[in-house]
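Me: I want to learn how the labels on a protein model are earned. Can we take them one by one, with the rule behind each?

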Amino acid sequence: MSGLEVFKHADSWASLATLTGLEVVLGIDNIVFLTLTTNKLPPKQQPAARSLGLALALFMRLGLLFGLTWVMSLTSDLFSLFGHAFSTRDLILLGGGLFLIAKSTHEMFERLEVEGGKDGKPVKHISFAFAVAQIVLLDIVFSLDSVITAVGMAQHLSIMATAVVIAVFVMLLFAGAIGRFVNRHPSMRILALSFLLLIGVLLVAEGMRQHINKGYVYFAMAFSLGVELINMKLRVRQQAPVSLHNPYEDRAQ
């Protein structure tokens with residue numbers, strides 16, 4: 001059956017809709033990391049970094065899909081340590097998870113405790129290339145997880161590729177608005193960092209082959225977000241909001 005003939009069947013469209021929705025949900029991880037990373041760039045460079053990051057994510061996902069044989073070989077055991085087997089996929093997930101845990105912890109400390117650079121001078125923005133490099137490294141982890149999920153849910157490459165393309169375009173459509181919303185509300189920044197920490201722990205668990213149902217994790221994230229949105233509505237307007245330190249932005253003199 002050719003790629004286009006697959007879409008003549010109703011069950012194929014149902015599979016596409018389900019997989020696209022799942023890919024969008026999985027893309028939340030990517031958007032959170034993308035928002036927090038591009039926030040360290042000058043405002044004029046942030047849209048370009050978001051677009052480039054999501055474009056790279058799309059190409060990596062499609063590349064992995066068309067290299068399915070190689071992707072599935074990543075699940076083969078490489079070595080055993082203390083009676084626990086590790087594959088290439090396990091090592092990638094472990095590395096990505098530890099990186100997210102370290103980065104989110106450092107960001108929380110920086111936002112809450114650090115007032116600025118030495119002598120009261122604001123810290124310079126990170127370079128565009130460094131921001132993109134971080135995005136690419138985490139895209140590899142998220143893309144691998146996303147593609148393996150797609151392979152497990154759909155049988156046809158055309159359906160998987162279409163779902164991935166649609167999901168990335170949906171992320172591209174909303175990434176800017178989400179970024180601006182998070183930047184306007186300090187509590188949302190901390191909540192986003194908490195999500196990133198939770199995702200890091202989830203990746204480490206997956207790397208150790210301790211499966212955790214992601215539905216529970218995403219439900220917890222959605223519940224926390226809902227509670228904070230209610231708090232924002234009920235918060236006393238006369239009370240000055242908490243101001244987080246941002247060493248990557250020039251402070252008012």
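Me: How do you know that the span of α7 agrees with its 22 residues?
Reply: Set the expected span against the model. The rule is 1.5 Å times one less than the number of residues. For the 22 residues of α7 that gives 32 Å, and the end C-alpha atoms are 32 Å apart, so the two agree.

Me: What kind of model is this, and how are its residues numbered?
Reply: It is a predicted model, in which local features need pLDDT of at least 70 and side-chain atom pairs need 80 or more, while totals for chains, interfaces and linings use all residues. Residues are numbered from 1 along each chain as its sequence is written, and side-chain values use heavy atoms, leaving out hydrogens and water.

Me: What makes a stretch a helix or a strand?
Reply: Both are DSSP runs, numbered from the N terminus: a helix is H or I for at least four residues, a strand is E for at least two. The chain has 8 helices and 2 strands. Their order along the sequence is α-α-α-β-β-α-α-α-α-α.

Me: Why is D90 called buried?
Reply: Buried means under 20% relative accessible area, exposed means over 50%, and partly exposed lies in between (1.4 Å probe, protein chains only). D90 has 2%, so the label is buried. Across the chain, buried residues make up 42% of the 253 residues.

Me: Why are R209 and D77 called partly exposed?
Reply: R209 has 39% relative accessibility, so it falls between the two cut-offs. D77 has 49%, so it falls there too.

Me: What makes R209 and D77 a salt bridge?
Reply: The rule asks for a side-chain nitrogen of Lys or Arg within 4 Å of a carboxyl oxygen of Asp or Glu. In R209 and D77 the closest N and O atoms are 2.5 Å apart, so the pair passes. R209 sits in the loop between α7 and α8, and D77 in strand β1, 132 residues away along the chain. In general, side chains of opposite charge can pair when their charged atoms come close.

Me: Which other residue forms a salt bridge with R209?
Reply: D90 does, with the closest N and O atoms 2.7 Å apart. D90 is in helix α4 (residues 88-113), 119 residues from R209. The count is 2 salt bridges. D77, D90 and R209 are thus linked in a network.

Me: What makes the phi of R209 worth a remark?
Reply: Most residues other than glycine have a negative phi. R209 is not a glycine, yet its phi is positive, about 60°. R209 comes just after α7.

Me: Why are F219 and F223 called stacked?
Reply: Two rings of Phe, Tyr or Trp (its six-membered ring) pair if their centres lie within 6.5 Å; planes under 30 degrees apart are stacked, over 60 edge-to-face, and the rest tilted. The count by this rule is 3 aromatic pairs. F219 and F223 are 6.4 Å apart centre to centre, with 25° between the planes, so they pair and are stacked.

Me: Where do F219 and F223 sit, and are they buried or exposed?
Reply: Both are in helix α8 (residues 214-234), 4 residues apart, which means about one helical turn. An α-helix has 3.6 residues a turn, so residues three or four places apart point the same way. Both F219 and F223 are exposed.

Me: How do you know that the buried residues of α8 line one face?
Reply: The buried residues are K214, V217, Y218, M221, E228 and M232. Seen down the axis, they fall within an arc of 95°, so they line one face of the helix. The arc is that of the directions from the helix axis to the C-beta atoms. The face turned away carries exposed residues, including Y216, I230 and K233.

Me: What does M108 touch?
Reply: Contact means heavy atoms within 4.5 Å. M108, in helix α4, touches I190, L193 and S194, leaving aside residues up to four places away in sequence.
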